[in-house]
Amino acid sequence: MNILVTGATGFLGRAVMARLARDHAITGWGHAHTDATTRVDLRDAAAVRAALDAAPVDAVIHTAAYRDPDFCEAHPEETDRLNVGATRTLCAALPVSTQLIFISTDYVFDGERPPYTESSPRAPIQEYGRSKQRAEDLVRARPGSLIVRMPLLVGAGADFASSGFLAQILAQHLRRAKPHACDDVLVRYPTWIEDVAEALAFLLERDATGVIHMSGAEALTRYGAVRAAAQVLGLPCEHIHPSTDVVARAAPRPRDSALSTAALRALGFTRFTPFPDVVRAFMRRFPEETKHG
Ligand SMILES: NC(=O)c1ccc[n+]([C@@H]2O[C@H](COP(=O)([O-])OP(=O)(O)OC[C@H]3O[C@@H](n4cnc5c(N)ncnc54)[C@H](OP(=O)(O)O)[C@@H]3O)[C@@H](O)[C@H]2O)c1
C-alpha cells in the first residue's frame, strides 16, 4: 500500500513511519522540521489538495495536531485551524476509496467515570479535547474511516531531552537529589509508542473502521511512575513524596480517563508492553543516559 503519514516529524509520526516502512511505501508530511519528509502546511487546504493530487495514496494516518493542552487552551482559534480544519480538509479531499485513520485522545473524556469504552459519551474538559471531539465528528461522518484514541505516549524522541514523560521522570524527579513532592492524583496509562505503531499497522491491515481504543495496561500517577521507574533502574526515590495537590495548569486534566482496550484485544491484538519493560526499552535507546543514573 501507499500510505501517507501526517505529522511524520512528530513524536508518534516518527514511530509510525518506522513501523509502516517495513511493509509499505510511505510518504511523510511534516511542517517546520521536514528532513526526509515533504513540507505541507495542513492549515492550507489548497496546498493539501495539490499535494494529494500530485501523489495519490491508499491510506492516510493523520497524526498531525497541536497536542499540548495548555497551548490549545491559550490558542483556541489556532488549535481549531490545525486540529479540526486540517481534518476537515483531509475528509473532503480524500477519495472515498482512501482509508483514513485519525489519531485521537483519552482527553475527549472528562475522567470522572472510567473506564471508557469506544461508545462512552464524550465530555472534554479543555480546548484540546474539544478540538479532538470536533475532528472526531468529521471523521465519523466519513465512511470507511477509523478513529484511534490513545492516552499518554512514552517513547524515545529525536533526542533524550525531547523524549517526554520518561525523560521528565528522570530529569525532574529521580535525578533531583533535593526532597520534593510529586503528583499522586492524576491517573495516567503510559503507552509505549511502538505498541501504538504496531496497533496502527494491525488495524490498517484489517481495514478497521469506527472507533478503537489503544492503551497501556498500568494505571500510574506521576508518583507511581517515578517509583516504578526507580525500581527498574535501581535508583533511590525515598526523597520524593506523594502529593495530593493537583498542579494548577492552564488546561485542566481529566482525573482518570482510562480507555478500555477490550475491543482491540477482541480483534486479536496482544502487544501491550508492561511499564517496567517500557522503562528498560527506553533506557536502551539512550545508553549514555543510563550512566548518569
Ligand atoms: N504525545 C502524546 O502523549 C499523545 C497522547 C494522545 C494522543 N496524541 C495524539 O497523537 C498525535 C501525534 O502527537 P505527537 O505527540 O506526535 O505530536 P508532536 O510530536 O507535537 O507532533 C506534531 C506533528 O504535527 C505537525 N504539524 C504541526 N503543525 C503543522 C501544520 N501546520 N501543518 C502540517 N503539520 C503540522 C508537526 O510537524 P513539524 O514538527 O514538522 O512542524 C509534527 O510532525 C496528535 O494527534 C495527538 O493529539 C498524542
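This report describes a predicted model of a protein with a bound ligand, taking the ligand site, the backbone, the aromatic pairs, the cysteines and some distances in turn.

## The ligand and its surroundings

The ligand is surrounded by 27 residues, and the closest of them are Thr9, His33, Arg67, Tyr128 and Lys132. By residue class, this shell divides into 15 nonpolar, eight polar and four charged residues. Several elements contribute to the shell, since at least two of its residues are supplied by each of helix 1 (11-20), strand 5 (99-105) and helix 5 (127-140).

Oxygen atoms of the ligand have polar partners both in the backbone and in a side chain of the protein. On the backbone side, an N or O atom of alanine 32 lies 2.7 Å from an oxygen atom of the ligand, and a polar backbone atom of threonine 63 is 2.8 Å from an oxygen atom of the ligand. On the side-chain side, an N or O atom of lysine 132 is 2.7 Å from an oxygen atom of the ligand. On its own the ligand has 910 Å² of accessible area, and the protein covers 89% of this.

## Backbone features in two loops

Most residues other than glycine have a negative phi, and most peptide bonds are trans. Against that background, the peptide bond that runs from proline 114 to proline 115 is cis, with an omega near 0°. Proline 115 has its place in the loop between strand 5 and helix 5, and both of these elements supply residues to the shell around the ligand.

Aspartate 207 is not a glycine, and yet its phi is positive, at about 55°. This aspartate is found in the loop between helix 7 (193-205) and strand 10 (210-213), where aspartate 207 has a relative accessible area of 52% and counts as exposed.

## Aromatic pairs

The structure holds eight aromatic pairs. One of them is formed by tyrosine 107 and tyrosine 128, whose rings are 6.1 Å apart from centre to centre with 80° between the planes, an edge-to-face arrangement. Because tyrosine 107 lies in the loop between strand 5 and helix 5 while tyrosine 128 lies in helix 5, the pair ties together parts that are 21 residues apart in sequence. Both tyrosine 107 and tyrosine 128 are buried, and Tyr128 is also among the residues closest to the ligand.

A further pair, formed by phenylalanine 160 and phenylalanine 282, is tilted, with 6.0 Å from centre to centre and 50° between the planes. Phenylalanine 160 lies in the loop between strand 7 (153-154) and helix 6 (164-174), and phenylalanine 282 in helix 10 (residues 275-285), so this pair ties together parts that are 122 residues apart in sequence. Phenylalanine 160 and phenylalanine 282 are both buried, and together with Phe286 they form one aromatic cluster.

## Cysteines

There are zero disulfides in the structure. Cysteine 182 is in no disulfide, and the cysteine sulfur nearest to its own, that of cysteine 237, is 9.9 Å away. A disulfide is a covalent bond between the sulfur atoms of two cysteines. Seen from cysteine 237, the closest cysteine sulfur is the one in cysteine 182, and because the two sulfurs are 9.9 Å apart, they are too far from each other for a bond.

As for their surroundings, cysteine 182 has a relative accessibility of 2% and counts as buried, and cysteine 237, with a relative accessible area of 12%, is buried as well.

## Separations along the chain and in space

Isoleucine 101 lies in strand 5 and is buried, with a relative accessible area of 0%. Its C-alpha atom is separated by 35 Å from that of glutamine 172, a residue 71 residues apart from isoleucine 101 along the chain.

Proline 252 is found in the loop between strand 11 (240-243) and helix 9 (262-266), and at 36% relative accessibility this proline counts as partly exposed. The C-alpha atoms of proline 252 and phenylalanine 286 are separated by 32 Å, and the two residues are 34 residues apart along the chain. Glycine 268 has its place in the loop between helix 9 and helix 10 and is partly exposed, with a relative accessible area of 41%. Glycine 268 and valine 5 are 263 residues apart along the chain, and 24 Å separates their C-alpha atoms.

How values were computed: Residues are numbered from 1 along each chain as its sequence is written. This is a predicted model: local features need pLDDT of at least 70, side-chain atom pairs count only at pLDDT 80 or more; totals for chains, interfaces and linings use all residues. Side-chain values use heavy atoms; hydrogens and water are left out. A disulfide is a pair of cysteine sulfur atoms within 2.5 Å. Buried means under 20% relative accessible area, exposed over 50%, partly exposed in between (1.4 Å probe, protein chains only). A residue is near a molecule or strand if one of its heavy atoms lies within 4 Å of it. A polar contact is a pair of N or O atoms within 3.5 Å; within protein, one must be able to donate a hydrogen and the other to accept it, and residues adjacent in sequence count only if both atoms are side-chain atoms. Accessible areas come from the Shrake-Rupley method with a 1.4 Å probe; for residues, only the protein chains shown count as cover. Helices (H or I, at least four residues) and strands (E, at least two) are DSSP runs, numbered from the N terminus. Ala, Val, Leu, Ile, Met, Phe, Trp, Tyr, Cys and Pro count as nonpolar, Asp, Glu, Lys and Arg as charged, and the others, Gly among them, as polar. Rings of Phe, Tyr and Trp (its six-membered ring) pair if their centres lie within 6.5 Å; planes under 30 degrees apart count as stacked, over 60 as edge-to-face and the rest as tilted.
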